[in-house]
Amino acid sequence: MYICSTNLKASKSAEVGRFIKKLLEGSPDILREYLIHLQQHMVNAITPSTSALNIHVMIEFLLIIFTDVSKDVIRHEKLFVLLERVGALTKEVFVLVRNLEENSRNEENMKEASGASLNLLKVIDVLKEDLKNVFLKAPADSSQLCFHMSDGPLFMTFLLRNLNDLLNSNAYSVALIKEEISRVKEDLEHIRSFFGTVEQELHRDLWTRVLDVAYAVEHVIKSILARDHGLLQLIFVLPETVGKIKLVKKEVQEDLQEHEKLSSGPAEVDVIPIVGISGLGKTTLAYKVYNNKCVVCHFDVRAWCTVDQERNEKTLLQKIFNEVIGSEERVGEDCVENDVADKLRRQLFGKRYLILLDDLWDTATCDELTRPFPTEFQKGSRVILTSLKKEVALHGKCHRMLNLAGHDMQGDALLDPRRSQGSALLSLEERVGRRPA
């Protein structure tokens, strides 16, 4: 085969050309059997070493290629180019094995063999890129795969245990993807540490995506190790799946940070004013925080009251009370109860509450509306208020004000109008649940 691909390749004879083509067409099966034989010979004749392991990795890589060549995954016009290339690599592997075997007692030659085996790993990286960009047909969209959803937590436990077993394995098939397995195991362990039983319910969509990528990575690894369409899985699907796990891990970390902000805030009631001229997005900003999933789950009760220029404080308190008790027990706002302030206080008593007072116009209304809110419990309750007026914003008891107009009101770092709404949102979320810097 080597003679055909070198000495005879330049021949102009049509017959020689047909012979070389026939030989190349049959080369995958021939070389595959040869590599399996060579791998077994190495196990029996060569002392385990880093150089030997590198050669085993290359052999496993070549075996995956030869196994899948017949499965119509190679671009037809590139098939013979690829076969010549991997055929030459097979010969190079054979030479390395022979040198390793013959020079096992010669330290200088062993160093040379070690350097050559390291080059094999670089060759694998280059060939992977060429397979992806030149030789292979694009695979079907892996996101269309459907996985049977069994007991999620139990599956994750078994998957992580299996990944750990693979990392401790000396199997040469595993060596080819050991780095990816290690990365996946580390990321999935980090993700699982966040998801207790409660979190799985609170973050159902995210937990479903976690299970999706976990099932996908199990399928990919099994396919590669079994050489079942392993080439496409190795070149395309494994890197894509590892990337998806990274993205899910990032999302989980963001949720975890949000949870930590909420759980580590000041224990006393904190009033968080948002001030700025009309049209800057005060209400929009407050709305996003108020409906944030982590915020919803963190507080026992929430209530939103748009104040505007309503002068009847009892009517406003009735609105808040209706929000607190929920829709089933709601009292009509036209029917204002005389003791609504006391009832509201009793409803909030001993609970962690979030009350949002939107568009406050004067300090007197602010005092009337906040007076029934219990302050004696160290529960981490929050009151967010939005206002056009600086004096109203400064009137409430607060650690720091979010000023959408960009003015420094209390010496703390305040929001700048040039910052993105995302930055403003993050700052407000920090105020809802984290002790100010």
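Buried here means under 20% relative accessible area, so Lys185, at 14%, counts as buried. Keep that cut-off in mind as you look through these close-ups of a predicted model.

**View 1. Lys185 pairs up with Glu189 inside helix α8.** The two residues sit 4 places apart in the helix, about one turn. Their closest N and O atoms are 3.0 Å apart, making a salt bridge. Lys185 is buried, while its partner Glu189 is partly exposed at 35%.

**View 2. Asp187 and Lys249 meet in a salt bridge.** The N-to-O distance is 3.0 Å. This one ties together distant parts of the chain: Asp187 belongs to helix α8 and Lys249 to helix α11, 62 residues apart. Asp187 is buried, with just 2% relative accessibility, and Lys249 is buried as well, at 13%. Lys246 joins in too, since shared partners link Asp187, Lys246 and Lys249 into one network.

**View 3. Glu33 forms a salt bridge with Arg32.** Here the closest N and O atoms are 3.5 Å apart. Glu33 is partly exposed at 47%, and Arg32 is partly exposed at 24%. Across the whole structure, a search turns up 14 salt bridges.

**View 4. Leu131 sits in the largest nonpolar core.** This core has 75 residues, and Phe61, Leu131 and Leu188 touch the most other members. Helices α5 (107-135) and α8 (178-194) are among those that supply at least two residues each. Both domain 1 (1-135) and domain 2 (151-262) contribute at least three. Setting aside neighbours within four places in sequence, Leu131 contacts Phe61, Ile65, Leu82, Leu136, Leu231 and Ile235.

How values were computed
Residues are numbered from 1 along each chain as its sequence is written. This is a predicted model: local features need pLDDT of at least 70, side-chain atom pairs count only at pLDDT 80 or more; totals for chains, interfaces and linings use all residues. Side-chain values use heavy atoms; hydrogens and water are left out. A nonpolar core is a set of buried Ala, Val, Leu, Ile, Met, Phe, Trp, Tyr and Cys residues joined through side-chain atoms within 4.5 Å. Buried means under 20% relative accessible area, exposed over 50%, partly exposed in between (1.4 Å probe, protein chains only). Domain bounds come from an automatic or database domain assignment. Contact means heavy atoms within 4.5 Å. A salt bridge is a side-chain nitrogen of Lys or Arg within 4 Å of a carboxyl oxygen of Asp or Glu.
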